[in-house]
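Me: I've got this model open and I'd like a close look at one part of it. Could you pick a spot and walk me through what surrounds it?

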Amino acid sequence: MSGKIEFTRNYSDQSTNQGFQFEFYCDRCGTGYRTRFKASAIGKVTGALDAASGLFGGIFGRAADLSERARSASWEQAHDAAFVEAMQELKPDFIQCPRCSSWVCKKSCWNDKKGLCKDCSPDIAVEMAAAQSSRTVEEIWAHSKMAEEDREVLKEESWRAGVRAACPECNAPLSDPKVKFCPECGAKIQKDVFCTGCGAKLEPGVKFCGECGQKVQK
């Protein structure tokens, strides 16, 4: 085993004298994983020595010193080994962004298509859905340089078509704003239709907008 132990800031140590447990969490969303509690053999020994010291005193009083020495040596070695094991177990669930160096969870905060965290490279479908709700999508992207595939998605007829960021049934993220069925659960993605003139929501099958009178584009 190497003498150096790699570590990151996105963890908390829940270990006690009785065993080891660690929590690793995402720098972006704060969610994460906790390792299962692993009992420490050293903890059991030191606990027994402390009990002997308290019950009998006298010659057994030296058990307290022995307990501290055991904890400061063997326990720390066992703790380091448990920490390395915990990192190896949970590290595959996280990835470090090459731009901002944050450790984020692969499940929710990593943009696999761009190779960056979603703070550095937001999910276009999610941003579009949020922009549509506030009707400020033009201002958000007016001075942005976008890839051709992103520019196509942001065309008038695309973003006004009722973009959803997640499946209404299972809440799985939708990377393709035009998808008809959820790739996770197979549920049909219901999309609202909006007038390209005034943005009013249109009822299915109508030929003209009831708010501005503009003809509905098929």
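Reply:
**The loop after β9 and its surroundings**

Let's start at K118, which sits in the loop between β9 and α3. Keep in mind throughout that this is a predicted model.

You might expect to find a lysine out in the open, so is K118 buried or exposed? K118 counts as buried because its relative accessibility is 16%, under the 20% cut-off. Leaving out residues up to four places away in sequence, K118 touches R28, S108, C109, W110, N111 and D123. One of those has a polar side to it: the K118 side chain gets to the backbone oxygen of S108 at 3.2 Å. If you want a distance to check on screen, the C-alpha atoms of K118 and C97 are 9.3 Å apart, with the two positions 21 residues apart along the chain.

Stay in that loop and go to S121, which also lies between β9 and α3 (124–134). S121 comes out at 11% relative accessibility, so it counts as buried. Its contacts, again skipping residues up to four places away, are N111, K114 and L116. N111 is worth highlighting, as it turns up in the contacts of K118 and of S121.

Now step back to C117. Beyond residues up to four places away, C117 touches C97, C100, V104, C109, W110 and N111. So N111 appears here too. C117 is also part of the largest nonpolar core, which has 20 residues; F22, F24, C26, F94, C97, V104 and C117 are the ones touching the most other members. Two or more residues each come from β3, α2 (62–90), β7 (103–105) and β9, and α2 gives the largest share, 6 residues. As background, nonpolar side chains tend to be buried together in soluble globular proteins. There is a second, separate core of 6 residues, including C167, A172, L174 and C182.

From the core, F24 takes you into the strands. Strand β3 (residues 22–25) runs antiparallel to β1 (residues 11–13), with 3 bridges joining them, and on that side F24 stands opposite Y11. β3 is also joined by 3 bridges to β4 (residues 32–34), again antiparallel, and there F24 has Y33 as its bridge partner. The β3–β4 hairpin has 6 residues between its strands, and G30 takes a positive phi near 85° there.

Just past β4 is T35, in the loop between β4 and β5 (38–39). With 6% relative accessibility, T35 counts as buried. Apart from neighbours within four places in sequence, T35 is in contact with Q21, F22, A86, E89 and L90. F22 is one of the core residues named above, so T35 gives you another way back to that core from its contact with F22. How far can you trust all this? The average pLDDT of the protein is 76, and 68% of the residues score at least 70. Among the elements, strand β9 (residues 116–117) has the highest mean pLDDT, 95, whereas helix α6 (residues 156–159) has the lowest, 50. Over residues 51–61 the pLDDT is below 50, and that stretch has 6 contacts in the model beyond near neighbours in sequence.

Definitions and conventions:
Residues numbered from 1 in each chain as written. Predicted model: local features only at pLDDT ≥ 70, side-chain atom pairs only at ≥ 80, totals over all residues. Heavy atoms only, no water. pLDDT = per-residue confidence, 0-100. Helix = DSSP H or I, 4+ residues; strand = E, 2+ residues; numbered from the N terminus. Contact = heavy atoms within 4.5 Å. Buried < 20%, exposed > 50% of the residue type's maximum accessible area, 1.4 Å probe, protein only. Pairing = 2+ DSSP bridges. Core = buried A, V, L, I, M, F, W, Y, C linked by side-chain atoms within 4.5 Å. Polar contact = N/O pair within 3.5 Å; in protein donor to acceptor, adjacent residues only side chain to side chain.
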